[in-house]
Amino acid sequence: MTDVDPIRIILADDEHLLRALLSALLTLDGTIDVVAQAENGKEAVTATLQHHPDVLVIDLEMPEMDGLDAVASIMVKSPEQRVLMLTRHARQGVLRRALKLGVLGFMSKGADPEEIAEVIRKVNDGQRWIAHDVLEVSVVDDSPLTEREAEVLRETREGYSVKDIARRLHLAPGTVRNYLSYATQKTATTTRHNAARAARDRGWL
């Protein structure tokens with residue numbers, strides 16, 4: 001035990017057994033307190049905005065809303081939120097977007113719980129920490145999409161129309177259509193929705 005207040009975290013992971021095990025192991029020495037758990041992205045957003053944890057520990061791949069989209073939603077209302085993201089498979093392009101969103105820590109779900117606890121402490125102190133295995137995969141970025149093309153495809157995935165995307169990104173509708181056209185060609189698809197899906201599957205978003 002310690003006289004210092006424990007680090008308050010939220011655990012968000014759709015694998016119930018893994019989440020429960022990690023929660024039990026992280027809290028053993030009393031330096032970390034799990035104030036809430038979430039089994040999908042939407043629950044993670046709700047719980048984080050309600051409890052304001054010191055650190056959100058969130059899985060990248062989850063139903064309802066994935067980890068990146070959940071963090072993006074959280075950062076709109078709580079831009080100082082500190083986040084540690086866990087993943088089984090680091091995809092190309094994911095780390096870049098995570099860092100852009102403000103994620104401080106990124107590591108494998110297969111890491112030892114003691115290592116995860118140590119990184120939680122680093123993130124709580126405002127330090128950035130990226131696991132070597134995640135970094136090795138992420139630096140090999142073969143995405144042919146420009147930042148703007150990826151951005152409009154992400155908006156497309158959310159179901160927004162060209163007009164809505166133009167308004168949200170402060171672009172002309174014609175410019176949005178051009179970006180979508182280029183992205184469709186680069187993904188070898190026929191529609192903007194298929195392009196968004198293909199880009200997502202390849203880790204380009």
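**Close-ups of a predicted model: loops and charges**

**View 1. His 170 sits in the loop between α8 (162-169) and α9 (173-186).** This is a predicted model, and here we zoom in on the backbone at His 170. Its phi is positive, about 60 degrees, although the residue is not a glycine. His 170 is also exposed, with a relative accessible area of 73%.

**View 2. Another histidine with positive phi, His 52, lies in the loop between α2 (41-51) and β3 (55-59).** Phi of His 52 is near 50 degrees, and again we are looking at a residue other than glycine. His 52 is partly exposed, its relative accessible area being 48%.

**View 3. Glu 64 and Lys 42 form a salt bridge.** The closest N and O atoms of this pair are 3.9 Å apart. Glu 64 lies in the loop between β3 and α3 (67-77) and Lys 42 in helix α2, so the bridge ties together parts that are 22 residues apart in sequence. Glu 64 counts as exposed at 57% relative accessibility, while Lys 42 counts as partly exposed at 46%.

**View 4. Glu 147 pairs with Lys 100 in a salt bridge between two helices.** Here the closest N and O atoms are 3.8 Å apart. Glu 147 belongs to helix α7 and Lys 100 to helix α4 (residues 94-101), so to speak a link between distant parts of the chain, 47 residues apart. Lys 100 is exposed, with a relative accessible area of 62%; Glu 147, at 39%, counts as partly exposed.

**View 5. Helix α7 holds a salt bridge between Glu 151 and Arg 148.** The two residues are 3 apart in the helix, about one turn, and their closest N and O atoms are 2.8 Å apart. Both ends are partly exposed: Glu 151 at 25% relative accessibility and Arg 148 at 29%.

**View 6. Glu 149, also found in helix α7 (residues 147-157), is buried.** Its relative accessible area is just 3%. The side chain of Glu 149 makes a polar contact with the side chain of Lys 186, at 2.9 Å.

**View 7. Asp 13, Glu 15, Asp 59 and Lys 109 are linked in a network of salt bridges.** Across the whole structure, a search finds 14 salt bridges.

**View 8. Asp 112, Glu 114, Glu 115 and Asp 133 gather in a patch of negative charge on the surface.** One of them, Asp 112, is found in the loop between β5 (105-108) and α5 (113-124). Asp 112 is partly exposed, with a relative accessible area of 43%.

Note on methods:
Residues are numbered from 1 along each chain as its sequence is written. This is a predicted model: local features need pLDDT of at least 70, side-chain atom pairs count only at pLDDT 80 or more; totals for chains, interfaces and linings use all residues. Side-chain values use heavy atoms; hydrogens and water are left out. Patches are made of residues with over 30% relative accessible area and no salt bridge: like charges are joined within 9 Å, nonpolar side chains (Val, Leu, Ile, Met, Phe, Trp, Tyr) within 5 Å. Accessible areas come from the Shrake-Rupley method with a 1.4 Å probe; for residues, only the protein chains shown count as cover. A salt bridge is a side-chain nitrogen of Lys or Arg within 4 Å of a carboxyl oxygen of Asp or Glu. Lys and Arg count as positive and Asp and Glu as negative; His and the chain ends are not counted. The place of a charge is taken as NZ of Lys, CZ of Arg, CG of Asp or CD of Glu. Helices (H or I, at least four residues) and strands (E, at least two) are DSSP runs, numbered from the N terminus. Buried means under 20% relative accessible area, exposed over 50%, partly exposed in between (1.4 Å probe, protein chains only). A polar contact is a pair of N or O atoms within 3.5 Å; within protein, one must be able to donate a hydrogen and the other to accept it, and residues adjacent in sequence count only if both atoms are side-chain atoms.
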